[in-house]
Amino acid sequence: MLRGDRETIRLGRRLRDYAIKGWLLGLLVLGAWVTIASAASKRELLVSAAISLKDPLQEIGVLFEQRHPEVKVVFNWGASGALQQQIEYGAPVDVYASAAAKQMDELEAKGLLLNETRRTLAANLVVLITSSALRSGLTSFKDLTKPEVTLIAIGNPRIVPAGEYAQRILMSLGLWDSLQAKLIFTGSVRQALAYVVRGEVEAAVVYATDAQSADQAVQVVSAAPEGSHPPALYPIAVVKTSKHSQEARAFVDLALSEAGQQILRAHGFLPPPKTLAR
């Protein structure tokens, strides 16, 4: 073979290699662009929910995304009262779930909920807890007056439904005034739980589901006496200003479906009263 022919063959091979590399690079770039474009094209559904609903709603969110791959569920957790204020100030919320009827009632009265979308998602129990590592000797709410109990955590009654329930319970038992020096108000029910888990307080009033989520770190001393507070119900609704009302309705429907309710039950929540479920 002549030298010129060999050079021509080598040049052809190099050009072929460059073409293959360029083609592969092009596929990688195209794949990356498609991935980015797909993520960018997903509609974000913003769900503002009481922090005590975090564990089950996250699972429901995953299930929703599996059924609606074009939607990305974004959660905003907090105290129900604080989330209510955000909606009143114009936060772009699609779905709101509170830990009490009061906050939802106020939004509904102001015309901030989409008509006929309000439902009752679940119910809960309010309990007194202490750290499993402490030998507090607590057996009832009335034991909170004992001198060895120095600090008790409850949610701020103004913005945290669990805190309002705690206040109602202590008032019904005639303990509210006598326990004022011991009470620590927290920004959420989960913060009250965390204080007990870390051993920073002797007791706290939280939801039964919070105690369950802490596994073996806390022990339930007593459930709230029957009739000592309004039922702990969790309403859910589509916010009137939602730009994704169809998807928001679908999320609420999923949460109320058997699949959603099964997830809630697995986390210790009780089913809503049948008269309030729809």
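**A buried threonine and a five-stranded sheet**

Let's start with one residue: Thr-130 is buried, with a relative accessible area of just 1%. Anything under 20% counts as buried, so Thr-130 qualifies. Keep in mind that you're looking at a predicted model.

Where does this threonine sit? Thr-130 is part of strand 5, which covers residues 126–131. Now look at who surrounds it. Leaving aside residues up to four places away in sequence, Thr-130 touches Ser-136, Leu-138, Val-196, Glu-202, Val-218, Gln-219 and Val-221. Glu-202 deserves a second look: its backbone oxygen is 2.6 Å from a polar atom of the Thr-130 side chain.

Now let's turn to a sheet. Five strands make up an open sheet with mixed pairing, and if you walk across it you meet them in the order 2-1-3-10-4. At the edges you'll find strand 2 (71–78) and strand 4 (119–124), each of which pairs on one side only. On average, neighbouring strands of this sheet are turned by 20° against each other, ignoring direction.

Let's zoom in on one pair of strands. Strand 1, residues 43–50, runs parallel to strand 2, and eight bridges join the two. To find your place in this pair, pick out Leu-46: across from it, in strand 2, stands Val-74.

Something also packs on this sheet: helix 3, made of residues 80–88. Helix 3 touches strand 1, strand 2 and strand 3 (95–97). Compare directions, and you'll see that helix 3 makes an angle of about 120° with strand 2.

Notes
Residues are numbered from 1 along each chain as its sequence is written. This is a predicted model: local features need pLDDT of at least 70, side-chain atom pairs count only at pLDDT 80 or more; totals for chains, interfaces and linings use all residues. Side-chain values use heavy atoms; hydrogens and water are left out. Two strands pair if DSSP finds at least two bridges between them. Helices (H or I, at least four residues) and strands (E, at least two) are DSSP runs, numbered from the N terminus. Axes are lines fitted to C-alpha atoms, for helices over the stretch in contact, and angles run from 0 to 180 degrees between N-to-C directions. Contact means heavy atoms within 4.5 Å. Buried means under 20% relative accessible area, exposed over 50%, partly exposed in between (1.4 Å probe, protein chains only). A polar contact is a pair of N or O atoms within 3.5 Å; within protein, one must be able to donate a hydrogen and the other to accept it, and residues adjacent in sequence count only if both atoms are side-chain atoms.
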